[in-house]
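Please examine the model shown below, beginning with its strands and then turning to the contact between its chains.

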2 protein chains.
Amino acid sequence: MLVLVVYDIPDDRRRLKLSTCLEGYGRRVQKSVFECFLSLEEMQKLHQKLQRLVKPTEDNIRLYWISENAFSKTLTIGSEFPQPPPSFYII
Amino acid sequence: MLVLVVYDIPDDRRRLKLSTCLEGYGRRVQKSVFECFLSLEEMQKLHQKLQRLVKPTEDNIRLYWISENAFSKTLTIGSEFPQPPPSFYII
(Lines give C-alpha, C1' and ligand atoms only; values in the text may rest on other atoms or scores of the structure.)
Protein backbone atom coordinates (compact mmCIF):
# COMPACT_ATOMS: atom_id res chain seq x y z
CA MET A 1 0.00 0.00 0.00
CA LEU A 2 1.86 3.12 1.20
CA VAL A 3 5.62 3.20 1.68
CA LEU A 4 6.99 6.15 3.59
CA VAL A 5 10.60 7.06 2.84
CA VAL A 6 12.28 9.46 5.26
CA TYR A 7 15.93 10.50 4.99
CA ASP A 8 18.73 12.62 6.45
CA ILE A 9 21.54 13.02 3.92
CA PRO A 10 24.12 15.73 4.62
CA ASP A 11 25.77 15.58 1.18
CA ASP A 12 23.89 17.78 -1.34
CA ARG A 13 24.77 15.70 -4.40
CA ARG A 14 23.70 12.41 -2.84
CA ARG A 15 20.54 13.97 -1.42
CA LEU A 16 19.59 15.28 -4.88
CA LYS A 17 20.31 11.88 -6.45
CA LEU A 18 18.04 10.22 -3.89
CA SER A 19 15.16 12.66 -4.24
CA THR A 20 15.35 12.50 -8.03
CA CYS A 21 15.15 8.71 -7.83
CA LEU A 22 12.22 8.85 -5.39
CA GLU A 23 10.29 11.21 -7.67
CA GLY A 24 9.90 8.24 -10.00
CA TYR A 25 8.25 6.23 -7.22
CA GLY A 26 5.98 8.65 -5.42
CA ARG A 27 5.26 12.12 -4.09
CA ARG A 28 7.34 14.43 -1.92
CA VAL A 29 5.24 15.55 1.06
CA GLN A 30 7.98 17.23 3.08
CA LYS A 31 11.58 18.27 2.44
CA SER A 32 12.89 14.77 3.09
CA VAL A 33 9.75 12.66 3.17
CA PHE A 34 8.23 10.79 0.22
CA GLU A 35 4.98 8.85 0.04
CA CYS A 36 5.18 5.99 -2.46
CA PHE A 37 2.22 3.73 -3.27
CA LEU A 38 4.00 0.41 -3.83
CA SER A 39 3.68 -3.32 -3.19
CA LEU A 40 5.84 -4.94 -0.52
CA GLU A 41 8.04 -6.46 -3.20
CA GLU A 42 8.51 -3.06 -4.86
CA MET A 43 9.40 -1.60 -1.44
CA GLN A 44 12.17 -4.18 -1.02
CA LYS A 45 13.49 -3.51 -4.52
CA LEU A 46 13.46 0.24 -3.84
CA HIS A 47 15.41 -0.37 -0.61
CA GLN A 48 18.11 -2.25 -2.56
CA LYS A 49 18.24 0.50 -5.19
CA LEU A 50 18.62 3.22 -2.55
CA GLN A 51 21.42 1.28 -0.85
CA ARG A 52 23.47 1.72 -4.04
CA LEU A 53 22.91 5.50 -4.06
CA VAL A 54 24.03 6.40 -0.53
CA LYS A 55 26.73 6.01 2.13
CA PRO A 56 25.39 4.15 5.19
CA THR A 57 28.16 5.63 7.35
CA GLU A 58 26.89 9.17 6.69
CA ASP A 59 23.32 8.85 5.47
CA ASN A 60 20.18 7.75 7.29
CA ILE A 61 17.21 6.37 5.33
CA ARG A 62 14.14 4.66 6.74
CA LEU A 63 11.32 2.96 4.82
CA TYR A 64 8.07 2.22 6.61
CA TRP A 65 5.21 0.03 5.38
CA ILE A 66 1.77 1.48 6.00
CA SER A 67 -0.95 -1.08 5.48
CA GLU A 68 -4.35 -0.36 4.00
CA ASN A 69 -6.25 -0.08 7.29
CA ALA A 70 -3.45 1.96 8.90
CA PHE A 71 -3.45 4.36 5.95
CA SER A 72 -6.86 5.78 6.89
CA LYS A 73 -5.57 6.57 10.40
CA THR A 74 -3.02 9.09 9.08
CA LEU A 75 -3.36 12.51 10.73
CA THR A 76 -1.99 15.75 9.31
CA ILE A 77 -1.54 19.39 10.31
CA GLY A 78 -0.92 21.99 7.62
CA SER A 79 -0.99 19.53 4.73
CA GLU A 80 -3.51 17.31 3.02
CA PHE A 81 -4.19 13.62 3.53
CA PRO A 82 -1.91 11.24 1.54
CA GLN A 83 -2.95 11.16 -2.13
CA PRO A 84 -2.40 8.05 -4.29
CA PRO A 85 -0.31 9.30 -7.25
CA PRO A 86 -1.64 9.47 -10.79
CA SER A 87 -1.40 5.97 -12.36
CA PHE A 88 1.39 7.02 -14.76
CA TYR A 89 4.16 6.16 -12.27
CA ILE A 90 6.32 3.52 -14.04
CA ILE A 91 7.96 1.18 -11.52
CA MET B 1 1.82 0.32 18.03
CA LEU B 2 4.25 2.69 16.28
CA VAL B 3 3.35 6.27 15.47
CA LEU B 4 5.69 8.07 13.11
CA VAL B 5 5.73 11.85 13.41
CA VAL B 6 7.43 13.77 10.58
CA TYR B 7 7.54 17.55 10.39
CA ASP B 8 8.77 20.57 8.45
CA ILE B 9 8.69 23.68 10.65
CA PRO B 10 10.62 26.72 9.39
CA ASP B 11 10.38 28.69 12.66
CA ASP B 12 13.20 27.69 15.06
CA ARG B 13 11.24 28.42 18.26
CA ARG B 14 8.18 26.42 17.20
CA ARG B 15 10.34 23.58 15.90
CA LEU B 16 12.17 23.37 19.26
CA LYS B 17 8.85 23.46 21.14
CA LEU B 18 7.58 20.57 19.02
CA SER B 19 10.66 18.40 19.34
CA THR B 20 10.84 19.00 23.10
CA CYS B 21 7.20 17.89 23.34
CA LEU B 22 7.83 14.80 21.18
CA GLU B 23 10.80 13.77 23.33
CA GLY B 24 8.23 12.99 26.03
CA TYR B 25 6.45 10.60 23.66
CA GLY B 26 9.18 8.75 21.80
CA ARG B 27 12.58 8.72 20.17
CA ARG B 28 14.10 11.00 17.55
CA VAL B 29 15.43 8.89 14.64
CA GLN B 30 16.19 11.70 12.22
CA LYS B 31 16.36 15.50 12.40
CA SER B 32 12.60 15.85 12.05
CA VAL B 33 11.33 12.32 12.50
CA PHE B 34 10.17 10.75 15.78
CA GLU B 35 9.12 7.17 16.47
CA CYS B 36 6.53 7.00 19.27
CA PHE B 37 5.16 3.71 20.60
CA LEU B 38 1.56 4.72 21.38
CA SER B 39 -2.00 3.45 21.20
CA LEU B 40 -4.35 4.84 18.57
CA GLU B 41 -6.11 6.90 21.20
CA GLU B 42 -2.80 8.37 22.41
CA MET B 43 -1.92 9.17 18.76
CA GLN B 44 -5.14 11.17 18.39
CA LYS B 45 -4.49 13.02 21.67
CA LEU B 46 -0.93 13.79 20.53
CA HIS B 47 -2.30 15.14 17.24
CA GLN B 48 -4.60 17.54 19.15
CA LYS B 49 -1.73 18.61 21.42
CA LEU B 50 0.57 19.32 18.45
CA GLN B 51 -2.16 21.37 16.74
CA ARG B 52 -1.96 23.81 19.67
CA LEU B 53 1.83 24.18 19.29
CA VAL B 54 2.11 25.04 15.59
CA LYS B 55 0.79 27.25 12.76
CA PRO B 56 -0.93 25.16 10.06
CA THR B 57 -0.39 27.92 7.51
CA GLU B 58 3.40 27.62 7.87
CA ASP B 59 4.08 24.24 9.44
CA ASN B 60 3.63 20.74 8.06
CA ILE B 61 3.22 17.77 10.43
CA ARG B 62 2.17 14.25 9.50
CA LEU B 63 1.43 11.35 11.86
CA TYR B 64 1.34 7.82 10.47
CA TRP B 65 0.05 4.69 12.19
CA ILE B 66 2.24 1.64 11.73
CA SER B 67 0.49 -1.52 12.79
CA GLU B 68 2.17 -4.45 14.51
CA ASN B 69 2.62 -6.60 11.38
CA ALA B 70 3.74 -3.61 9.29
CA PHE B 71 6.31 -2.70 11.94
CA SER B 72 8.46 -5.77 11.15
CA LYS B 73 8.57 -4.74 7.46
CA THR B 74 10.49 -1.53 8.25
CA LEU B 75 13.72 -1.25 6.24
CA THR B 76 16.64 1.00 7.13
CA ILE B 77 19.95 2.18 5.68
CA GLY B 78 22.55 3.71 7.97
CA SER B 79 20.47 3.40 11.13
CA GLU B 80 19.10 0.64 13.32
CA PHE B 81 15.66 -0.94 13.30
CA PRO B 82 12.99 0.93 15.34
CA GLN B 83 13.51 0.34 19.07
CA PRO B 84 10.57 0.39 21.52
CA PRO B 85 11.52 3.05 24.10
CA PRO B 86 12.32 2.23 27.73
CA SER B 87 9.04 1.89 29.68
CA PHE B 88 9.60 5.10 31.71
CA TYR B 89 7.91 7.33 29.10
CA ILE B 90 5.03 9.10 30.94
CA ILE B 91 2.10 9.74 28.55
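The paragraphs that follow treat a central strand, one of its residues, the interface and finally a helix residue.

The model is predicted, and the description begins with strand E1 of chain B, which spans residues 2–8. Seven of its seven residues are buried, so the strand is largely enclosed by the rest of the structure. The enclosure concerns both faces of E1(B). On one side lie Leu2(B), Leu4(B), Val6(B) and Asp8(B), on the other Val3(B), Val5(B) and Tyr7(B), and every one of these residues is buried.

Strand pairing places E1(B) within its own chain. With strand E3 of chain B, residues 33–37, E1(B) pairs in the antiparallel sense over five bridges. Within that pairing, Leu4(B) has Glu35(B) as its bridge partner. E1(B) also pairs with strand E4 of chain B, residues 60–66, again in the antiparallel sense, here over seven bridges. In this second pairing Asp8(B) stands opposite Asn60(B).

Leu4(B) merits separate attention. This residue belongs to strand E1 of chain B, and its relative accessible area is 0%, so Leu4(B) counts as buried. Which residues beyond four places in sequence are in contact with Leu4(B)? Within chain B they are Val33(B), Phe34(B), Glu35(B), Arg62(B), Leu63(B), Tyr64(B) and Ile66(B), while Leu4(A) and Tyr64(A) are contacts from chain A. The C-alpha atoms of Leu4(B) and Val29(B) are 9.9 Å apart, with a separation of 25 residues in sequence.

The contacts from chain A lead to the interface. Here 38 residues of chain A are in contact with 38 residues of chain B. The two chains bury about 3300 Å² between them, and 58% of this area is on carbon and sulfur atoms. Of the area that chain A buries against chain B, 25% is supplied by Arg62(A), Leu75(A) and Ile77(A), more than by any other three residues.

Polar interactions also cross this boundary. The rule finds two salt bridges between chain A and chain B, and 26 residue pairs in polar contact, both residues at pLDDT 80 or more. On the side of chain A that touches chain B, the elements giving two or more residues are strands E1 (2–8), E2 (27–30), E3 (33–37), E4 (60–66) and E5 (75–77), together with helix H2 (40–51), of chain A. E4(A) gives the largest share, seven residues. By class, this side of chain A has 21 nonpolar, 10 polar and seven charged residues.

Arg62(A) links several of these features. Arg62(A) forms a salt bridge with Glu35(B), in which the closest N and O atoms are 2.7 Å apart. Strand pairing also runs between the chains: E4(A) and strand E5 of chain B, residues 75–77, pair in the antiparallel sense over three bridges. Arg62(A) stands opposite Thr76(B) in E5(B).

A last example comes from a helix. Arg14(A) is found in helix H1 of chain A, residues 12–22. Is Arg14(A) buried or exposed? Its relative accessibility is 11%, and the cut-off for buried is under 20%, so Arg14(A) counts as buried. The side chains of Arg14(A) and Asp59(A) are joined by a polar contact of 2.6 Å. Beyond four places in sequence, Arg14(A) is in contact with Ile9(A), Leu53(A), Val54(A), Lys55(A), Glu58(A) and Asp59(A).

Technical notes: Residues are numbered from 1 along each chain as its sequence is written. Chains are lettered from A and ligands numbered from 1 in the order in which they are written. This is a predicted model: local features need pLDDT of at least 70, side-chain atom pairs count only at pLDDT 80 or more; totals for chains, interfaces and linings use all residues. Side-chain values use heavy atoms; hydrogens and water are left out. Buried means under 20% relative accessible area, exposed over 50%, partly exposed in between (1.4 Å probe, protein chains only). Helices (H or I, at least four residues) and strands (E, at least two) are DSSP runs, numbered from the N terminus. Two strands pair if DSSP finds at least two bridges between them. Contact means heavy atoms within 4.5 Å. Buried area is the accessible area (1.4 Å probe) that two parts lose on being put together, summed over both. A salt bridge is a side-chain nitrogen of Lys or Arg within 4 Å of a carboxyl oxygen of Asp or Glu. A polar contact is a pair of N or O atoms within 3.5 Å; within protein, one must be able to donate a hydrogen and the other to accept it, and residues adjacent in sequence count only if both atoms are side-chain atoms. Ala, Val, Leu, Ile, Met, Phe, Trp, Tyr, Cys and Pro count as nonpolar, Asp, Glu, Lys and Arg as charged, and the others, Gly among them, as polar.
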